[in-house]
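Please read the following account alongside the sequence and the coordinates. It proceeds from one chain to the other and then to the contact between them.

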Amino acid sequence: MATVDVTGCAAPDQAAPLPAGVDLARETVITGRVTAADTGEPVAGAYVRLLDAGGDFTAEVVSGPAGQFRFFAAPGAWTLRALSRLGQGTAEVTADRGLTEVTVAVAR
Amino acid sequence: MSRETALVTADWAEKNLGAPGIVFIEVDEDTSAYDAGHIPGAIKLDWKKDLQDPVRRDFLNKQQFEALLSERGVANDDTVILYGGNNNWFAAYAYWYFKLYGHRDVRLLDGGRKKWELDNRPLSTDEVRRPATVYTAQEPDTSIRAFRDEVIAAIGTKNLVDVRSPDEYAGRLLAPAHLPQEQAQRAGHIPTAVNVPWSKAANEDGTFKSDDELRELYAAAGLDESKPTIAYCRIGERSSHTWFVLRELLGYRDVKNYDGSWTEYGSLVGVPVALGDAPGEA
């Protein structure tokens, strides 16, 4: 099983389950899937970025085989922005501590 | 330095695939992306396994770097084109590293792996082996690398640029948001450092903004071009991206990358730390 490597900066494997040791009482985890707007099919290999309430870049990951992505954020308002070969999409989310799920649909 | 000598476009790169004297190198912390498909003919360097000392927190010494490039088949007079994921963070780090050891002609692929993929350009899974060379590195050029005592002395005197996200700068987050937040070091930033997130220098597809946009960005942040500048982030890769912009694209004369960055500074005993969105006092 892949684990999250806290020493480096590369995006951890987005297909991995939430690593043991992540305390959902303390962490604000934003997770979800990138899908194609027309078919609803998952989009793998999309570049998903998390923008803060001011629209500033916070982090970027590449979606996993089933379109999954995950961020460790802080409580508040966030924007998810996805770029892929199938097009692009945006989703707004308000997250609190624990798990917040969101779908980002992409289209040309 | 300038855009013409430091950067190549994806179009230029695609036209020069396989050209003699040009070596493409993909650099990432995790090379699984390379293994699943890389620019045809490109070799890989693993930021951690290949470029960091396996025991001490430092990078390879001159002899280790020479051995690495010789074994991978990179020659002193090759034009090295670096690219990678994470918006070229690790490729920019490798660029700085190649410069530190005096490689003559090294360039970044604008937009890195992301633009290449989004453009649907060719990727290959073929194994790439280059015949070994005898590579000779120069002594490390410490005019582009900052160490911690120099950083502490720079508070209130030199330009300090913190290129992390605003939330990391203010101390609300300790790491980029794709990583868990529980860390040993204190949160915050080096007093008097201005916050210009690395991402402000890049377009959404990972390419660099124009020179005019970049110059305006750092001027608006209060960076004094006549003063020496030290850039830092968390572990020194995002700040390599900004170091590249300031020194290689904009031609600022004295710019150093502090690769110890926040994981070192935020763990030091007794140093000043500023919290919140303002730079703070010296």
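The paragraphs below describe a predicted model.

Chain B is a convenient place to begin. Its secondary structure comprises eleven helices and nine strands. Taken along the principal axes, the C-alpha atoms of this chain fill a box of roughly 55 × 40 × 40 Å. A compact globule of 282 residues would have a radius of gyration near 19 Å, and the 18 Å of chain B therefore agrees with that expectation. Of the 282 residues in chain B, 48% count as buried. When contacts with a separation of 6 or more are considered, residues 24 or more positions apart account for 76% of them in chain B.

The domain assignment divides chain B into domain 1, covering 3-139, and domain 2, covering 143-265. Over C-alpha atoms, the centres of domain 1 and domain 2 of chain B are separated by 23 Å. Their contact draws 20 residues from domain 1 of chain B and 18 residues from domain 2 of chain B. On the side of domain 1 that touches domain 2, at least two residues each are supplied by helix H1 (3-6), helix H5 (89-100) and helix H6 (112-118) of chain B. H5(B) gives the most to this side, with eight residues. In terms of residue class, the same side of domain 1 of chain B has eleven nonpolar, four polar and five charged residues.

One residue of chain B, Lys200(B), may be examined individually. Lys200(B) lies in the loop between strand E7 (194-195) and helix H9 (211-220) of chain B. Is Lys200(B) buried or exposed? Burial requires 20 or more other C-beta atoms within 10 Å, whereas 12 or fewer make a residue exposed. Because Lys200(B) has 19 C-beta neighbours inside 10 Å, it counts as partly exposed. Ile230(B) is 30 residues away from Lys200(B) along the chain, and 17 Å separate the C-alpha atoms of the two.

Attention now turns to chain A. This chain has zero helices and seven strands, and from the N terminus on its elements run β-β-β-β-β-β-β. Of the 108 residues in chain A, 39% are buried. Among contacts in chain A between residues at least 6 apart in sequence, 53% join residues at least 24 apart.

Three strands of chain A form an open sheet with mixed pairing, in the order E4-E1-E7. Strand E4 (68-73) and strand E7 (98-106) of chain A each have a single partner strand and stand at the edges, so one side of each is left without a neighbour in the sheet. With direction ignored, neighbouring strands of this sheet are turned by 25 degrees against each other on average. Strands of a sheet pair through backbone hydrogen bonds, in either a parallel or an antiparallel manner. Strand E1 (residues 28-36) of chain A pairs with E7(A) in the parallel sense, over nine bridges. Within this pairing, Gly32(A) has Val102(A) in E7(A) as its bridge partner.

The contact between the chains completes the description. It involves 29 residues of chain B and 26 residues of chain A. H6 and helix H8 (166-170) of chain B are the elements that give two or more residues to the side of chain B that touches chain A. The largest share of that side, three residues, comes from H6(B). The residues of chain B on the side that touches chain A divide into ten nonpolar, seven polar and twelve charged. H6 of chain B thus appears in both settings, as it also supplies at least two residues to the side of domain 1 that touches domain 2 of chain B.

Note on methods:
Residues numbered from 1 in each chain as written. Chains lettered and ligands numbered in written order. Predicted model: local features only at pLDDT ≥ 70, side-chain atom pairs only at ≥ 80, totals over all residues. Domains from an automatic or database assignment. Contact = placed C-beta atoms within 7 Å. Helix = DSSP H or I, 4+ residues; strand = E, 2+ residues; numbered from the N terminus. Nonpolar A, V, L, I, M, F, W, Y, C, P; charged D, E, K, R; others polar. Pairing = 2+ DSSP bridges. Axes fitted to C-alpha atoms, helices over the stretch in contact; angles between N-to-C directions. Rg over C-alpha atoms; globule rule 2.2 N^0.38 Å.
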